[in-house]
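Open your viewer and keep the selection tool at hand. We will go from the overall fold down to single side chains, one stop at a time.

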Amino acid sequence: VNPERASQRATAYWPVSLWGDIDQHDAVCVNVSRGGMALALTAPVPVGTLLRVTAVLPGGLGLDATAVVMWSRGRGPEHRIGVRFISLRQDALSAVADWVAEAA
């Protein structure tokens with residue numbers, strides 16, 4: 001666990017859809033925490049972009065969050081972004097927390 005991180009992260013591989021100040025993008029969640037996700041996608045997304053992030057979590061619960069892009073890296077067809085959740089339903093937050101705890 002990185003002591004500089006606000007919350008523990010777990011590796012994940014979930015399809016995610018992104019909506020907002022960009023055209024819809026399909027992405028893959030590569031890690032997740034109670035506070036946000038790292039996503040892999042094919043196009044850059046600028047830091048500060050507000051997004052709606054939707055996914056189906058393991059177990060079938062839907063995740064529908066508002067998030068902001070905190071970092072963006074990549075070239076060519078491979079990009080990664082880090083998003084911080086701004087709003088997330090309590091049941092989805094609990095499911096994410098459970099996933100992270102089980103993966104630890």
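The stops below run from the sheet to the core and then to the helix, and the model you are looking at is a predicted one.

**Stop 1: the barrel.** Switch to a cartoon view and colour by strand. Six strands close into a barrel, and going around it the order is 1-2-3-6-5-4, with antiparallel pairing. On average, neighbouring strands of this sheet are turned by 45° against each other, direction ignored.

**Stop 2: strand 3.** Now select residues 36–41, which make up strand 3. Are its residues buried or exposed? Six of the six are buried, so strand 3 is largely enclosed by the rest of the structure. Show the side chains to see that both faces are covered: Gly36, Ala38 and Ala40 are on one side, while Met37, Leu39 and Leu41 are on the other.

Next, bring in the strands that pair with strand 3. Strand 2 runs antiparallel to strand 3 and is joined to it by four bridges. These two strands form a hairpin, with three residues between them. Click on valine 32 and you will find methionine 37 of strand 3 standing opposite. Strand 6 also pairs with strand 3 in the antiparallel sense, here over six bridges.

**Stop 3: leucine 39.** Stay in strand 3 and centre on leucine 39, whose bridge partner in strand 6 is isoleucine 81. What else is in contact with leucine 39, leaving aside its neighbours within four places in sequence? The list includes Val16 and Leu18, then Ala27, Val28, Cys29 and Val30, and also His79, Arg80, Ile81 and Val83.

**Stop 4: the nonpolar core.** Zoom out a little and select Leu18, Met37, Leu39, Leu63 and Ile81. Of the 29 residues in the largest nonpolar core, these five touch the most other members. Strands 1 to 6 and helix 1 each give two or more residues to this core, and the largest share, five residues, comes from strand 1.

**Stop 5: helix 1.** Select residues 90–103, the span of helix 1. This helix lies across strand 1, strand 2, strand 5 and strand 6, and runs at about 150° to strand 1. Alanine 103 lies in helix 1 and counts as partly exposed, at 46% relative accessibility. Draw a distance from its C-alpha atom to that of asparagine 31: the two are separated by 11 Å, though they are 72 residues apart along the chain.

**Stop 6: a pair of rings.** The structure holds one aromatic pair. Select tryptophan 14 and tryptophan 99 to see it: the arrangement is edge-to-face, with 5.2 Å centre to centre and 65° between the planes. Tryptophan 14 lies in strand 1 and tryptophan 99 in helix 1, so the pair ties together parts that are 85 residues apart in sequence. Add a surface to look at the two partners: tryptophan 14 is buried, with a relative accessible area of 5%, whereas tryptophan 99 counts as partly exposed at 28%.

**Stop 7: a charge over a ring.** For the last selection, pick tryptophan 71 and arginine 73. The charged end of arginine 73 sits over the ring of tryptophan 71, 4.2 Å from the ring centre.

Technical notes: Residues are numbered from 1 along each chain as its sequence is written. This is a predicted model: local features need pLDDT of at least 70, side-chain atom pairs count only at pLDDT 80 or more; totals for chains, interfaces and linings use all residues. Side-chain values use heavy atoms; hydrogens and water are left out. A nonpolar core is a set of buried Ala, Val, Leu, Ile, Met, Phe, Trp, Tyr and Cys residues joined through side-chain atoms within 4.5 Å. Buried means under 20% relative accessible area, exposed over 50%, partly exposed in between (1.4 Å probe, protein chains only). Contact means heavy atoms within 4.5 Å. Rings of Phe, Tyr and Trp (its six-membered ring) pair if their centres lie within 6.5 Å; planes under 30 degrees apart count as stacked, over 60 as edge-to-face and the rest as tilted. A charge sits over a ring if NZ of Lys or CZ of Arg is within 6 Å of the ring centre and within 35 degrees of the ring normal. Two strands pair if DSSP finds at least two bridges between them. Axes are lines fitted to C-alpha atoms, for helices over the stretch in contact, and angles run from 0 to 180 degrees between N-to-C directions.
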